[in-house]
Amino acid sequence: MSERRAAAGVRNVLIAGVGGQGILLASRFLASAAIRAGLDVKVSEVHGMAQRGGSVVTHVRLGRTIYSPLVEMGAADFLVAFERLEALRWFPYTRAGATVIVNDLEIPPLPVILGIERYPTGIERRLAAGDRRVILVNAKDMAIKVGNAKCGNVALMGVLARSLGPGVSEEDWRGALNNVVPLGTAEVNWRAFLQGYKGE
């Protein structure tokens, strides 16, 4: 991390996965919680055929003052990958010492489904070979544990919240969650968040 960015308390987060995994909701959740905490936030979304299972990534930058919404190559402090191959795809954006949170899930892309390509092997080994901190979690299991398998995206944000450390309070997270999830699902999503936050 550059000295200038560290002095401004800037943290760069990439949230990556495929269409339909709740990535945009997760990024709105993070941005809303950070705004409630009094931070400046910029968000940029990139959709690649999202409704057909294509890659989706959001850049979320938070700190005292943020000028650009985009995370530069090699500058992400956190990568939250909702799918293993997406972790590998966006890994070059992480800086040395970054935290990489990987959902233990494979969603074969179209070339793999058609038999043209093979799904890469040894992804965890390749991610862990450098100096990044890799956290492998099963978000679906955490979501099922609280009674709704669709809450895996919020469980992953709980893991991120634990890794982000102080600055965004529990009250900020809870208030933000109530504003972004569908009506009537706040309580089960909060339990999913706590599953990720507490590492259960």
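Start by selecting R84 and showing what surrounds it: beyond its neighbours within four places in sequence, R84 is in contact with V102, N103, D104, L105, E106, Y119, I123 and E124. Contact here means heavy atoms within 4.5 Å. R84 lies in helix 3, residues 84–90. Helices (H or I, at least four residues) and strands (E, at least two) are DSSP runs, numbered from the N terminus. Is R84 buried or exposed? R84 counts as buried, at 11% relative accessibility. Buried means under 20% relative accessible area, exposed over 50%, and partly exposed in between, using a 1.4 Å probe and protein chains only.

A word on what's on your screen: this is a predicted model, where local features need pLDDT of at least 70 and side-chain atom pairs count only at pLDDT 80 or more, while totals for chains, interfaces and linings use all residues. Residues are numbered from 1 along each chain as its sequence is written, and side-chain values use heavy atoms, with hydrogens and water left out.

Stay in helix 3 and click on L88. Setting aside residues within four places in sequence, L88 is in contact with P120, I123, R126 and L127. If you want a distance to draw, try L88 to V43: these two are 45 residues apart along the chain, and their C-alpha atoms are separated by 22 Å.

**Next stop: strand 3**

Now select residues 55–63, which make up strand 3, and pick out R61. R61 is buried, with a relative accessible area of 11%. What does its side chain make a polar contact with? Look for the side chain of N12, at 2.7 Å. (A polar contact is a pair of N or O atoms within 3.5 Å; within protein, one must be able to donate a hydrogen and the other to accept it, and residues adjacent in sequence count only if both atoms are side-chain atoms.) Then show the backbone of S68: its oxygen lies 2.9 Å from a polar atom of the R61 side chain.

R61 also leads you to I66, which touches R61 along with V10, D40 and K42, not counting residues up to four places away in sequence. You'll find I66 in the loop between strand 3 and strand 4 (76–81). I66 counts as buried, at 4% relative accessibility. Measure from I66 to L39 and you should get 9.1 Å, C-alpha to C-alpha, for a pair 27 residues apart in sequence.

Back in strand 3, select T58. With 0% relative accessibility, T58 counts as buried. Show its surroundings, again without neighbours within four places in sequence, and T58 is in contact with V13, L14, I15, I23, L24, S27, S44 and E45.

**Over to strand 5**

Select T94, in strand 5. T94 is buried, at a relative accessible area of 2%. Apart from neighbours within four places in sequence, its contacts are G74, A75, A76, L79, V100 and R132.

**Last stop: helices 6 and 7**

Colour helix 6 (residues 139–146) and helix 7 (residues 152–164): their axes come within 8 Å and cross at roughly 110 degrees. Axes are lines fitted to C-alpha atoms, for helices over the stretch in contact, and angles run from 0 to 180 degrees between N-to-C directions. Helix 6 and helix 7 are therefore roughly perpendicular to each other. On this scale, angles under 35 degrees count as roughly parallel, over 145 as roughly antiparallel, 65 to 115 as roughly perpendicular and the rest as oblique.

Which residues meet here? Show A139, M142 and A143 from helix 6, and G152, A155, L156 and V159 from helix 7. By class, this contact has six nonpolar, one polar and no charged residues. (Ala, Val, Leu, Ile, Met, Phe, Trp, Tyr, Cys and Pro count as nonpolar, Asp, Glu, Lys and Arg as charged, and the others, Gly among them, as polar.)

Keep helix 6 up and select A139, M142, A143 and V146, which are buried. Turn the view to look down the helix axis: the buried residues fall within an arc of 95 degrees, so they line one face of helix 6. The arc is that of the directions from the helix axis to the C-beta atoms. What covers these residues includes strand 5 (94–103), strand 6 (133–137), helix 7 and helix 9 (186–198). Flip to the other side of helix 6 for K140 and K145, which are exposed.

Finish at the two ends. At the start of helix 6, a side-chain oxygen of N138 reaches to within 3.2 Å of the backbone nitrogen of K140. Just after helix 6, G147 takes a positive phi of about 105 degrees.
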